[in-house]
Amino acid sequence: MIPDLAQEGKAEEKQWTPQPQAPVVMFNNVGKTYGRYQAIGGISLALSGGVTGILGLNGAGKSTLFKLLMGKLQPTQGEVRLFGTNPWKNPAPYARVGYVPENENMHDWMTAHEFVSTFARLHGLTRDEAKKEAERVLEFVGLSDVMHKKIGRYSKGMRQRAKIAHALVNDPDLIILDEPLQGCDPLARTTIMNVIRELGRMGRTVLLSSHILSEIERITEQIVILHQGRLLAIGNLHAIREQLDNIPHTIEIDCTDAKSLARDVLSLDVVHGLQFPSPTKLKIFTHHLGEFHQRLPRIIVDNEHDVMAISNPDDDLQSILGYLTGGIR
Amino acid sequence: MEKKRGETIWNSLDRKATAIAEFTVRQYRTRLSTWVVLGVGFLAISVVLLFYIDAMNSDIEAVDNDGDSFDWDGDGYVNGQEFKYGTDVNDAFSHPGLLTPPVEPEPASMYINEDDYDWDYSDASTVKTGYDNDGDCTDSSLLPSQKDDNGDGVPCNIVLVYDATSGSYFVYADPYVDEDPDEERYGKEAQHRAFILGIGKLGFVFLLSIFIPLFLATGLIRDEMTSGTMQYMTAKPIARGEIFLYRMLGYLAIVWPYLLVVCTILALVSGFMGPGDQFFRFADLGVWFSILIAALLATLVYGMLFAFLGVLWKYGIILALPIAAWELGMALLSMSVPESSFLRMSIVGWSMSIIDSGAYLVWPDMAMFTEAGSWAGGTNEGSFFFIGGNELPGYNALEWAQSDLGLGMGPYATIVVSMIVLLAQATFFWFIGQLIFKSKEIV
């Protein structure tokens, strides 16, 4: 029993073996209450494979669902299963899970490379293996050129990518991302979306949460809608979407010249209305939000519009929820 | 069959352990508060060290405890010389200068500190020792029965009787034996020992070992839970009990070398500055070693305790403060009543008994040495005409700093038992700490 100070040799064999037939994630009538406040109630859900978007407003219970799955919270009712195992007080299944918490605090005093390799070693990798693994995952999320800089000096999007990288070490079968796109600039958003799509193509099970429908729409079609701690809908986004096209959506754009932008935007057939709340603000109404979002960037780039912000309020989600709940909210 | 490397659970544990421990050490290093806490601790210890250096460099005034350096009759011969030659100290026309052949007067300084205590240490409960250096007992015209006042059959000696209940010696001295001790010799030695024991007990085991863990260990788990960064670590395949333990290893990797450095500095300074003919007081290193062991274990136990309190409650430091107060009381109790059973319910009591045992092994004459300071050549017993004060200089400090072995066992047994108890305490706090951590929801 000599300590392996040289950090050589192979990691131990995993003692924990998952049940092959069990779904990756299973909730059976799960509820979680904090005192008198019910965060989620009576959720039953089983997921395996592919990218699934968990959609819901703030406070709908998305993070609670993930934290139950990661053994950070104890369910007050029902049972949670991760690879067929109860995750509460049992860290063994986390060997195959990568978790990106919503929490924005990170170890700012470390470089991304140190951060990722330190946490890689908790999977039982040696120092050298962990360094190589860190380089691999940081390359995967596109941070390899800045990986030796302190996380404290990173932008929001870089921080999110560092968090994703740390979750991808040891090549997990399940990746849980809690609001991975929140606060990111458009470029980081695109990079992260590509990473998630790539993970989906690699056959991993990915769960990601968001309160913005259009974000999820660009990544996956398989969605779960949570509302006030209850499961509202599971299934293909298109099926739900088609029914929603008669509800107009609103998009707000902050720009230097709203009028010229409006002229170009009107060339899109999906746009059916405009409003000018101020000279630098444009409100656009459309029935086809997804298509609009796909075509908008080209218009902006081709006509060299100066756009400060595109606010995509969760009006669209609000309207889905309104539609699904029949106005009972 | 030889096992291939890297196949044991130990290896994997080790990877996780070193990863978290290294992480924790680096985290501490990047925090300013760590350096402030360690710096203030070092500063506090250094101030006491300065007092010690000052004490070692200042002379202690020699006191003529038996008053024989006076010349009462003004004949130019001091009383001590007149005693020796049997002339009358109150008659100016009776002095050794009138004897044939005449004797030259000797300077008064020869009769100050001229009969130092010279006691042999022995384990026996009754020790016959002492030597009448100036011959005012042996050579005097006292009757044989007067010369053997303590009735042990040997004239002009001292009988020391150990009293197990008080842990000190009773002194039964024949008259004029060891009656004018050297204040400088006694005082420096007593101050030196009192400094080592005092700084070991209150400086290391109390001040450093409580306040450093209070500031560094209370947030070991709690700070991460509050800031939310614990989310990352608890999402990895590692038990929370392990996280607790390995974070603790990182804390120890900061605190233990620090204690080693501070302890070494003090051991070197006091070893070179300390009294005695030798170049360096090597024997004292034994006491310093026991101080180091006590401080290492105390920082371990307090670290576990405070980290556990931090896990238990967001404001764990509030729970830690009454414990620190209780430990201060126990520290003082341990120095006065080392056998008190209250001490068994403390951490500091067990740590200090390690230091007392170390001191007992290095300075076996401690009880006798302390008693010599109290007896002060008999001046404190009222049997002598005396001019000096009561106790010898340094006696009070030594009496305060030293204490007996309170467990009723030998020194080695005391060290072993105390170490086992401290390790058991640390294990206990770790166990309940991780139990609570495990059932904590990390929001």
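The paragraphs below lead through a predicted model, beginning with chain A and then turning to chain B.

In chain A, a convenient place to start is an open sheet of 3 strands, which has the order β2-β1-β4 and antiparallel pairing. Its edge strands are β2 (37-47) and β4 (77-82) of chain A, each of which pairs on one side only. Neighbouring strands of this sheet are turned against each other by 25 degrees on average, direction ignored. Strand β1 (residues 25-34) of chain A is joined to β2(A) in the antiparallel sense over 7 bridges, and within this pairing K32(A) stands opposite I40(A) in β2(A). Helix α1 (residues 62-69) of chain A packs on the sheet and touches β1, β2 and β4 of chain A, with a direction that makes about 115 degrees with that of β1(A).

Further along chain A, strand β8 (residues 222-227) and strand β9 (residues 230-236) pair in the antiparallel sense over 6 bridges, and the bridge partner of Q222(A) is N236(A) in β9(A). These two strands, β8(A) and β9(A), form a hairpin with 2 residues between them, and in the turn Q228(A) has a positive phi of about 50 degrees.

Chain B is divided into three parts, namely domain 1 (10-60 + 183-438), domain 2 (79-110) and domain 3 (126-173). The centres of domain 1 of chain B and domain 2 of chain B, taken over C-alpha atoms, are separated by 57 Å.

Chain B also has an open sheet of 3 strands, with the order β1-β2-β3 and antiparallel pairing. Here the edge strands are β1 (126-129) and β3 (168-173) of chain B, each pairing on one side only, and neighbouring strands of the sheet are turned by 20 degrees against each other on average, direction ignored. Strand β2 (residues 158-163) of chain B runs antiparallel to β3(B) and is joined to β3(B) by 6 bridges; D163(B) has S168(B) in β3(B) as its bridge partner. Helix α12 (residues 366-375) of chain B lies across β2 and β3 of chain B, and runs at about 50 degrees to β3(B).

Two further helices of chain B can be followed by their length and by the surroundings of their residues. Helix α10 (residues 316-336) of chain B has 21 residues and reaches 31 Å from its first C-alpha to its last, which is close to the 30 Å expected at 1.5 Å a residue. Which residues of α10(B) are buried? They are G316(B), A320(B), E327(B), M330(B), A331(B) and S334(B), and because they cover an arc of only 110 degrees around the axis, they lie on the same side of α10(B). An α-helix has 3.6 residues a turn, so residues three or four places apart point the same way. On the other side of α10(B), the exposed residues are I318(B), L321(B), P322(B), A325(B), G329(B) and S336(B). The buried residues of α10(B) pack against α5 (183-216), α6 (219-227), α9 (284-312) and α11 of chain B.

The last of these partners, helix α11 (residues 348-362) of chain B, is mostly covered, with 14 of its 15 residues buried. At 1.5 Å a residue, the 15 residues of α11(B) should span 21 Å, and its end C-alpha atoms are 21 Å apart, so the expected span and the one in the model agree.

Note on methods. Residues are numbered from 1 along each chain as its sequence is written. Chains are lettered from A and ligands numbered from 1 in the order in which they are written. This is a predicted model: local features need pLDDT of at least 70, side-chain atom pairs count only at pLDDT 80 or more; totals for chains, interfaces and linings use all residues. Two strands pair if DSSP finds at least two bridges between them. Helices (H or I, at least four residues) and strands (E, at least two) are DSSP runs, numbered from the N terminus. Axes are lines fitted to C-alpha atoms, for helices over the stretch in contact, and angles run from 0 to 180 degrees between N-to-C directions. Two residues are in contact if their C-beta atoms, placed from the backbone, lie within 7 Å. Domain bounds come from an automatic or database domain assignment. The expected span of a helix is 1.5 Å times one less than its number of residues. A residue is buried if 20 or more other C-beta atoms lie within 10 Å of its own, exposed if 12 or fewer, and partly exposed in between; C-beta atoms are placed from the backbone. The arc is that of the directions from the helix axis to the C-beta atoms.
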